[in-house]
Amino acid sequence: MIAVLKSGTTDKQIENLSSWLKTQGLDVHLSRGSEHIILGLIGDTSKIDAELIESLEIVDSVKRISEPFKSANRKFHPDDSVINVGNTSVGGNIFAIMAGPCSVESEEQVMEIARAVKAAGATMLRGGAFKPRTSPYDFQGLKADGIELLLKAKKETGLPIVTEIMNANHLSLFDEVDVIQVGARNMQNFELLKELGKTNKPILLKRGLANTLKELLMSAEYIMAGGNENVILCERGIRTFETYTRNTLDLSAVPMLKELTHLPVIIDPSHATGVARLVKPMAMAAAACGADGLMIEVHNDPAHALCDGAQSLTPDAFAGVTRAVRRVLSAISEED
Ligand code: PEP
Ligand code: MN
């Protein structure tokens, strides 16, 4: 349920109404938008008398929210959320570009890639330290040592770092990580999501291989229900019957999610296609359809990458992608 308050409502009046609603067993979420002040009411609202609340002097209207996701719902928070990450942000007017290797392999590798992606305009460095591999015999990542190497690259380049968590027991290793990634395979690991909800770290939540947008939003809700509202959604392709591409990029997820939620939405064209030469056209399409950013795999020697070489761009190819994406962004901003 949301209560839209009249403009001019004072902080004291908001405080009084919120305290009373809390005594009714509800959680109250305040959103001060550019046009409205909205109180989002979370919990069992079935016994709440909507007409009584609507009759209050400061209340303009009361609406029940039918969707099961509340905190993530745009009706609770009409303005786009902007998630601050180190010296940059995701959402709003900033177009985020997260780039780096699928797996951190060595100090030389991650440093070389970090310098190159920074020079090409990346706003964050991504790299896998804990890798969710389909086969237990494949390289599983450098784990804690991988995080150390990412932190070295962060120190030198100033780029905030994004890396995946697979087990909540590892959380202490992520203290200096800027964005914690939840991979597609863990999108519905609810215990992990609950633990991440207790932190205040930005969480990059990737859509599961065969999950609906509603399920993605419910997973975001798990994190937000714990008090952590810093969630970034990522569409990374879903499993279909197509085999020429690794997955099928669902670009319509972007405008649909932007309607449903205030959370930023980014696209991962690397895992979505599995084919390096398809990354540029899909990155341009993502920018054109309103995505808030991209996550792209870049490797200094894709042919010898320990993981996902076929979809990894060379630093030069990545620079070509960022130039093309900037052109798309400036074309669509002129159109507005
Ligand atoms: C990744 O980003 O390296 C990754 C494993 O992606 P996904 O979880 O989308 O498969
Ligand atoms: Mn990968």
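What follows is a walk through a predicted model, from its metal site to its cores, strands and aromatic pairs.

The manganese ion (ligand 2) is a convenient starting point. Its protein donors are the SG atom of Cys 102, the NE2 atom of His 271, an OE atom of Glu 297 and an OD atom of Asp 308, and these lie 2.1 to 2.4 Å from the ion. Written along the sequence, the donor residues follow the spacing C-x168-H-x25-E-x10-D. Within this set, His 271 belongs to helix α8 (residues 269-273) and Glu 297 to strand β14 (residues 293-297); the two are 26 residues apart, and the pair links distant parts of the chain. Both His 271 and Glu 297 are buried. Cys 102 is buried too, with a relative accessible area of 2%.

Cys 102 leads on to the cysteines in general. A search of the whole structure turns up zero disulfides. For Cys 234 the reason is one of distance: the closest cysteine sulfur, that of Cys 289, is 13 Å from its own sulfur, which is too far for a bond, because a disulfide requires the two sulfur atoms to be within 2.5 Å. Cys 234 has a relative accessibility of 1% and therefore counts as buried.

The nonpolar interior comes next. The largest nonpolar core has 67 residues, and the members that touch the most others are Val 117, Leu 125, Leu 205, Leu 233, Ile 296 and Phe 318. Phe 318 illustrates how such a residue is surrounded. Leaving aside neighbours within four places in sequence, Phe 318 is in contact with Ile 97, Ala 99, Val 117, Ala 120, Ala 122, Ile 296, Val 298 and Leu 313. Another core, of 16 residues, lies apart from this one and includes Ala 3, Leu 5, Leu 21 and Ile 37.

Some members of that second core, among them Ala 3 and Ile 37, lead to a group of strands at the start of the chain. Strand β3 (residues 37-42) has five of its six residues buried, so the rest of the structure largely encloses it. On one side of the pairing scheme is strand β1 (residues 2-5), which runs antiparallel to β3 and is joined to it by four bridges. In this pairing Ala 3 stands opposite Leu 39 of β3. Strand β2 (residues 27-32) also pairs with β3 in the antiparallel sense, over six bridges. Here His 29 has Gly 40 of β3 as its bridge partner. Between β2 and β3 there are four residues, and the two strands form a hairpin.

Where do the aromatic pairs lie? The whole structure holds two of them. One is formed by Phe 130 and Phe 174, whose rings are stacked at 6.2 Å centre to centre with 25 degrees between the planes. Phe 130 sits in the loop between β8 (124-126) and α4 (144-157), and Phe 174 in the loop between β9 (161-165) and β10 (179-182), so this pair ties together parts that are 44 residues apart in sequence. Phe 130 counts as buried at 8% relative accessibility, and Phe 174 is buried with a relative accessible area of 1%. The other pair consists of Phe 190 and Tyr 222, also stacked, with 4.5 Å centre to centre and 25 degrees between the planes. Phe 190 is in helix α5 (residues 190-197) and Tyr 222 in helix α6 (residues 213-225), so the parts tied together here are 32 residues apart in sequence. Phe 190 is partly exposed, with a relative accessible area of 30%; Tyr 222 counts as partly exposed at 32% relative accessibility.

Two loop residues complete the account. Phe 174, already met as a partner of Phe 130, is in contact with Phe 130, Ile 147, Thr 163, Glu 164, Ile 165, Ile 180 and Lys 201 when neighbours within four places in sequence are set aside. Phe 174 and Thr 163 are eleven residues apart in sequence, and their C-alpha atoms are 8.6 Å apart in space. Asn 186 lies in the loop between β10 and α5. With a relative accessibility of 13%, Asn 186 counts as buried, because the limit for that class is under 20%. Outside its neighbours within four places in sequence, Asn 186 is in contact with Ile 165, Met 166, Leu 192 and Leu 193. Ile 165 thus appears among the contacts of both Phe 174 and Asn 186.

Key:
Residues numbered from 1 in each chain as written. Chains lettered and ligands numbered in written order. Predicted model: local features only at pLDDT ≥ 70, side-chain atom pairs only at ≥ 80, totals over all residues. Heavy atoms only, no water. Donors = N, O, S within 2.8 Å, 3.2 Å for Na, K, Ca; no water. Buried < 20%, exposed > 50% of the residue type's maximum accessible area, 1.4 Å probe, protein only. Core = buried A, V, L, I, M, F, W, Y, C linked by side-chain atoms within 4.5 Å. Contact = heavy atoms within 4.5 Å. Pairing = 2+ DSSP bridges. Phe/Tyr/Trp six-rings, centres within 6.5 Å; stacked < 30°, edge-to-face > 60°.
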